[in-house]
Amino acid sequence: MKRSLRGAKQISNSILSAAKFLKQDSLVLWLNMEKFSASEHPHLRYNPLRDDWVVVSPHRAKRPWQGQVEKKAVEDVPRHDPKNPLCPGVTRPSGQVNPDYKNTFIFDNDFPALLPGGPDPPKSDDPLFQAAPAHGNCKVICFHPWSDLTLPLMEVGDIKHVIDTWANEMINLGKINQWVQIFENRGAVMGCSNPHPHCQVWASSFLPNEPSVKHRTQKEFKEKYGKPMLVDYLEKELAKKDERVLLESSHWVWLVPYWATWPFETMLLPRRHVLRLQDLTDDERNDLAQMMKNLLIIYDNLFEISFPYSMGWHGAPTGKYLEEDCSHWQLHALFYPPLLRSATVKKFMVGYEMLASSQRDMTAEQAADRLKALPRVHYKHKSDQ
């Protein structure tokens with residue numbers, strides 16, 4: 001009898017222990033038994049261009065938001081503002097007077113980050129206190145004389161003129177600089193202080209961090225697989241175009257990269273192998289002008305605002321690299337928009353992102369679905385239909 005009671009007690013204790021275990025870890029057990037879904041479960045995605053990883057946490061998009069909100073972009077920008085230093089006929093802080101320009105206008109940045117001359121820092125034998133020379137040229141390119149326009153609202157011919165200007169600056173500045181970075185910061189939330197269609201060009205005597213990493217990763221990929229990384233990548237994306245491809249034209253493809261970090265990050269790629277912006281044919285430039293207008297209309301339609309972003313071109317480096325084999329490179333443009341949930345809620349790259357790893361709250365495929373569903377007519381022109 002005593003043995004029976006002891007056995008029963010042991011069985012009872014085992015059942016209670018199992019129940020306690022199941023109560024505490026039932027969620028973990030359930031998650032381990034469930035089949036993986038990219039749109040539901042956290043996972044890592046590898047960025048072969050940057051040789052790093054991004055944490056994808058799609059379930060976090062469901063959390064309530066009570067944090068900071070941004071002001072909506074001002075829509076009623078005057079066509080000409082005598083106080084705006086980018087407008088025709090206005091005197092800039094340098095004392096220079098802008099000409100009465102009719103299309104693009106280029107001038108040396110009045111507050112450049114790099115200068116073409118100047119003394120170099122002394123060399124140091126201490127590995128913890130290293131410095132190196134940094135020279136270059138910084139320019140501003142105004143896209144159009146009217147301040148109330150942005151690229152998606154400009155005529156295709158005017159956008160083509162911008163592209164030709166980009167290519168010419170790449171040639172001229174690339175003769176003496178290792179890297180020529182063309183970039184546009186659009187919107188006050190991205191640090192743009194002048195509401196006027198324009199971009200910047202920073203040409204440097206050195207290869208900056210981002211292109212330096214891409215120079216290495218693309219070279220290693222081509223040596224290992226025999227094909228430029230982004231040429232191979234585009235072929236594979238086009239084979240499953242329902243997933244992340246947004247727009248296609250005769251010469252260009254716009255898509256959300258599989259490894260995208262920013263909520264609505266996208267990449268623009270030429271269909272053929274092209275090293276640098278200046279290598280584009282006239283047909284490819286014309287097609288690019290139309291493609292850029294189309295893709296930026298979609299961006300604006302997402303939250304029906306002038307969509308903020310930082311964008312820029314990456315291609316093979318210049319200067320001494322013009323004489324080297326750079327066939328591992330493929331020209332591409334990157335768009336990094338900060339907005340996440342609405343016109344006033346942006347993605348903050350803080351905390352974990354700054355201290356550990358980049359993280360995003362939706363998958364690249366979910367972002368692509370949102371963008372693909374948007375109308376192709378600019379929201380400001382709806383009444384014209």
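**Exercise 1. Locate Glu 304 and describe its backbone and its exposure.**

Step 1. Glu 304 lies in the loop between α6 and β10 (309-314). Helices (H or I, at least four residues) and strands (E, at least two) are DSSP runs, numbered from the N terminus. The model is predicted: local features need pLDDT of at least 70, side-chain atom pairs count only at pLDDT 80 or more, and totals for chains, interfaces and linings use all residues. Residues are numbered from 1 along each chain as its sequence is written, and side-chain values use heavy atoms, with hydrogens and water left out.

Step 2. Read the backbone. Glu 304 is not a glycine, yet its phi is positive, near 55 degrees.

Step 3. Classify the exposure. Buried means under 20% relative accessible area, exposed over 50%, partly exposed in between (1.4 Å probe, protein chains only). Glu 304 has a relative accessible area of 38% and is therefore partly exposed.

**Exercise 2. Do the same for Asp 51, and place it in its hairpin.**

Step 1. Asp 51 sits in the loop between β1 and β2. This hairpin has 4 residues between the strands.

Step 2. The phi of Asp 51 is positive, about 55 degrees, although the residue is not a glycine.

Step 3. The relative accessible area of Asp 51 is 37%, so the residue is partly exposed.

**Exercise 3. Work out the sheet that contains β1, β2 and β12.**

Step 1. Find the order. The sheet is open, has 3 strands and runs β1-β2-β12, with mixed pairing. Two strands pair if DSSP finds at least two bridges between them.

Step 2. Find the edges. β1 (43-47) and β12 (358-360) each pair on one side only.

Step 3. Take the twist. Neighbouring strands are turned by 35 degrees against each other on average, direction ignored.

Step 4. Examine β1 with β2 (residues 52-56). The two strands run antiparallel and are joined by 5 bridges. Tyr 46 faces Trp 53 in β2. His 43 faces Val 56 in β2.

Step 5. Examine β2 with β12. Here the strands run parallel, with 3 bridges. Val 55 has Gln 359 in β12 as its bridge partner.

**Exercise 4. Characterise the packing of α2 against α6.**

Step 1. Choose the descriptors. Two packed helices are described by the angle between their axes and the distance between the axes.

Step 2. Apply them. Axes are lines fitted to C-alpha atoms, for helices over the stretch in contact, and angles run from 0 to 180 degrees between N-to-C directions. The axes of α2 (residues 156-174) and α6 (residues 282-303) come within 8 Å and cross at roughly 120 degrees.

Step 3. Name the arrangement. Angles under 35 degrees count as roughly parallel, over 145 as roughly antiparallel, 65 to 115 as roughly perpendicular and the rest as oblique. α2 and α6 are therefore oblique to each other.

Step 4. List the contacts, meaning heavy atoms within 4.5 Å. On the α2 side, the residues include Val 156, Ile 159, Ile 163 and Trp 166. Their counterparts in α6 include Arg 285, Leu 288, Ala 289 and Met 292.

Step 5. Sort the contact residues. Ala, Val, Leu, Ile, Met, Phe, Trp, Tyr, Cys and Pro count as nonpolar, Asp, Glu, Lys and Arg as charged, and the others, Gly among them, as polar. The contact of α2 with α6 has 8 nonpolar, 2 polar and 5 charged residues.
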